[in-house]
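Biologist: I should like to learn how to read a model of this kind, one feature at a time. May we begin with the structure itself?

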Number of protein chains: 2
Amino acid sequence: MDGAPDFRPLYQQVRDLLVQRIVDGAWKPGDALPPEPALAENYRVSQGTVRKALDELEKRNLVVRRQGKGTFVATHTPQRALFHFFHLVGDDGERALPSHRMLSVRSARADAREADRLALKPGTAVVRLKRLRLLGARVALVERIAVPAALFPGLADSRHADLPNELYRHYEIVFGVTVARAVERLKAVAATAEEAASLGLAPRAPLLEIDRVAFGLDGKPVEWRRSRCDTASHHYLSEIV
Amino acid sequence: MDGAPDFRPLYQQVRDLLVQRIVDGAWKPGDALPPEPALAENYRVSQGTVRKALDELEKRNLVVRRQGKGTFVATHTPQRALFHFFHLVGDDGERALPSHRMLSVRSARADAREADRLALKPGTAVVRLKRLRLLGARVALVERIAVPAALFPGLADSRHADLPNELYRHYEIVFGVTVARAVERLKAVAATAEEAASLGLAPRAPLLEIDRVAFGLDGKPVEWRRSRCDTASHHYLSEIV
DNA sequence: GAGTGGTCTAGACCACAGC
DNA sequence: CTGTGGTCTAGACCACTCG
């Protein structure tokens with residue numbers, strides 16, 4: 001820590017250096033970080049300072065720590081992928097885990113809205129996915145997804161039946177794209193004729209629209225997703241602390 | 001810390017003792033806690049341990065710390081009341097702060113749903129409020145609220161015009177009830193004829209229903225609120241970290 | 001200047017994992 | 001047994017607030 005002068009607290013500097021190494025891919029999801037004493041020596045700070053930096057990485061869900069084993073870069077396990085980002089819950093409180101039916105995968109040029117949400121220039125190459133998602137045996141969501149083609153080379157050529165339900169895990173394993181954060185905007189909308197047919201509802205039935213932008217480790221948008229959900233027997237759960 | 005044997009970490013014991021004092025009202029919202037060295041001496045632990053306990057209280061939004069001044073029990077400032085618990089945002093990204101028009105305040109006996117949400121026996125005395133809330137100049141929400149009468153003595157006798165927009169602040173100042181946490185369940189529903197009229201919408205227009213249970217410092221439900229919102233030009237914002 | 005919380009250190013010991 | 005993260009201490013100094 002004796003390089004360029006920097007007047008922020010040491011633990012923040014260490015924290016940012018650690019984040020940088022994860023963002024750069026020096027440590028990949030699932031990898032163990034060096035032990036705390038090694039990091040302390042490496043950065044010429046005390047172990048307490050390293051711990052405070054790691055506390056913050058843990059709070060941001062970038063690493064998980066396990067006593068006796070080590071500190072590991074966080075991964076999108078099936079559990080995390082589903083429960084952390086999927087907030088639809090049965091009205092009885094059961095978290096019915098969704099399955100899916102992928103309908104199509106197509107290359108396209110970003111339209112105005114995709115360009116806005118993904119922070120791209122209109123016309124940039126994107127990949128569009130369409131799928132249905134089932135809760136229990138019923139189709140409950142229709143989903144349109146758009147991602148920048150540049151981040152996902154070859155995705156457009158996937159056979160749509162081969163794409164897994166847990167896309168974020170797939171993004172991470174196959175394309176090295178880690179979803180670190182997301183912002184969801186929710187609205188109530190009336191189902192289009194097509195949506196109503198897919199969901200087995202009356203035309204213009206009320207649907208919950210979830211418009212989600214997911215961000216990568218570097219803070220840039222990596223996916224835009226618009227889900228329209230039948231909330232007759234499910235709800236979106238939001239906990240405020 | 002040399003009383004009854006307890007094998008949890010010291011900082012957790014100190015944390016829980018501090019929480020207890022806040023819950024019991026020994027320190028009220030806005031009060032300063034004793035300085036860290038005093039707490040350390042009091043509980044016979046090091047200042048570092050007290051700090052770790054206070055870190056957790058701060059994370060739970062129970063206290064706020066200000067360098068050079070002290071540590072204070074959190075209060076529902078107008079800012080916090082609105083932005084922490086009110087998640088509707090204009091589609092342009094502006095946080096239009098809502099105003100309200102209280103319609104009625106009535107005593108009643110808890111029906112089945114109120115009893116469920118508030119963890120009361122059916123028939124327990126409750127107070128029901130109805131109000132409209134405006135975003136800008138437009139009526140955008142119709143809201144029904146129910147609270148246990150026992151926690152809010154005299155509330156039922158309030159002139160409804162006297163009740164402020166920021167109810168949580170009112171609960172805290174007038175009744176000593178602090179809302180610490182809330183759970184919201186969101187659905188899309190079709191407006192009833194009455195709701196459509198209040199909101200100036202077509203009958204059966206899609207509305208976002210927010211069903212919120214708010215919990216006090218002791219973890220017990222203190223309010224149930226059901227808001228139905230016109231999301232034509234606003235959305236509910238949910239950030240996932 | 002006195003008092004507060006914020007940062008940082010060095011070192012001890014504990015609890016858990018795995019050979 | 002060794003190595004990991006988790007807890008705890010004691011003390012130093014910094015940054016901010018206020019009289």
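Modeller: Let us start at the DNA, where a polar side-chain atom of B:Q67 lies 2.9 Å from a base nitrogen of DNA strand C. Please bear in mind throughout that this is a predicted model.

Biologist: Which residues have a polar side-chain atom close to a phosphate oxygen of DNA strand C, and at what distance?

Modeller: For A:K69, the distance from a polar side-chain atom to a phosphate oxygen of DNA strand C is 3.0 Å. For B:T71, the corresponding distance to a phosphate oxygen is 3.5 Å.

Biologist: Which part of DNA strand C, then, supplies the atoms within 4 Å of the protein?

Modeller: Sugar or phosphate accounts for 81% of those atoms, and bases account for the rest.

Biologist: Which residues come nearest to DNA strand C, and which elements supply the surface around it?

Modeller: There are 20 residues around DNA strand C, of which A:L10, A:Y11, A:S46, A:T49 and B:Q67 come nearest. Both protein chains contribute elements: α1 (10–24) and α3 (47–59) come from chain A, while β1 (63–66) and β2 (70–73) come from chain B, each with at least two residues of this surface. By character, the residues of the surface divide into five nonpolar, eight polar and seven charged.

Biologist: Let us turn to strands. How should one read the pairing of β5(B) and β6(B)?

Modeller: One looks at the direction of the strands and at the bridges between them. Strand β5 (residues 125–135) of chain B runs antiparallel to β6(B), and 10 bridges join the two. At one position in this pairing, B:L135 stands opposite B:R138. The hairpin has two residues between its strands, and B:G136 there takes a positive phi near 65°.

Biologist: What other strand pairs with β6(B), and is β6(B) mostly covered or uncovered?

Modeller: Strand β9 (residues 221–229) of chain B pairs with β6(B) in the antiparallel sense, over six bridges. Within that pairing, B:R225 in β9(B) is the bridge partner of B:I145. As for covering, β6 (residues 138–148) is mostly covered, with nine of its 11 residues buried.

Biologist: How does one judge a single residue, such as B:E209?

Modeller: One asks for its place, its accessibility and its contacts. B:E209 lies in strand β8 (residues 206–216) of chain B. B:E209 counts as buried because its relative accessibility is 8%, below the 20% cut-off. Its side chain makes a polar contact of 2.7 Å with that of B:R228. Beyond its neighbours within four places in sequence, B:E209 also touches other residues, including B:R185, B:L186, B:K187 and B:V189.

Biologist: What would the same reading give for B:I240?

Modeller: B:I240 belongs to strand β10 (residues 234–240) of chain B. With 4% relative accessibility, B:I240 counts as buried. Setting aside neighbours within four places in sequence, its contacts are A:H84, A:F85, A:H87, A:R181, A:A182 and A:E184.

Biologist: Finally, how many disulfides does the structure hold, and why is A:C229 not bonded to B:C229?

Modeller: A disulfide is a covalent bond between the sulfur atoms of two cysteines. The structure holds zero disulfides over all chains. For A:C229, the closest cysteine sulfur is that of B:C229, and the separation of 17 Å is too far for a bond. Accessibility is a separate question: A:C229 is buried, with a relative accessible area of 0%, and B:C229 likewise counts as buried at 0% relative accessibility.

Terms used
Residues are numbered from 1 along each chain as its sequence is written. Chains are lettered from A and ligands numbered from 1 in the order in which they are written. This is a predicted model: local features need pLDDT of at least 70, side-chain atom pairs count only at pLDDT 80 or more; totals for chains, interfaces and linings use all residues. Side-chain values use heavy atoms; hydrogens and water are left out. Helices (H or I, at least four residues) and strands (E, at least two) are DSSP runs, numbered from the N terminus. Buried means under 20% relative accessible area, exposed over 50%, partly exposed in between (1.4 Å probe, protein chains only). Contact means heavy atoms within 4.5 Å. A polar contact is a pair of N or O atoms within 3.5 Å; within protein, one must be able to donate a hydrogen and the other to accept it, and residues adjacent in sequence count only if both atoms are side-chain atoms. Two strands pair if DSSP finds at least two bridges between them. A disulfide is a pair of cysteine sulfur atoms within 2.5 Å. A residue is near a molecule or strand if one of its heavy atoms lies within 4 Å of it. Ala, Val, Leu, Ile, Met, Phe, Trp, Tyr, Cys and Pro count as nonpolar, Asp, Glu, Lys and Arg as charged, and the others, Gly among them, as polar.
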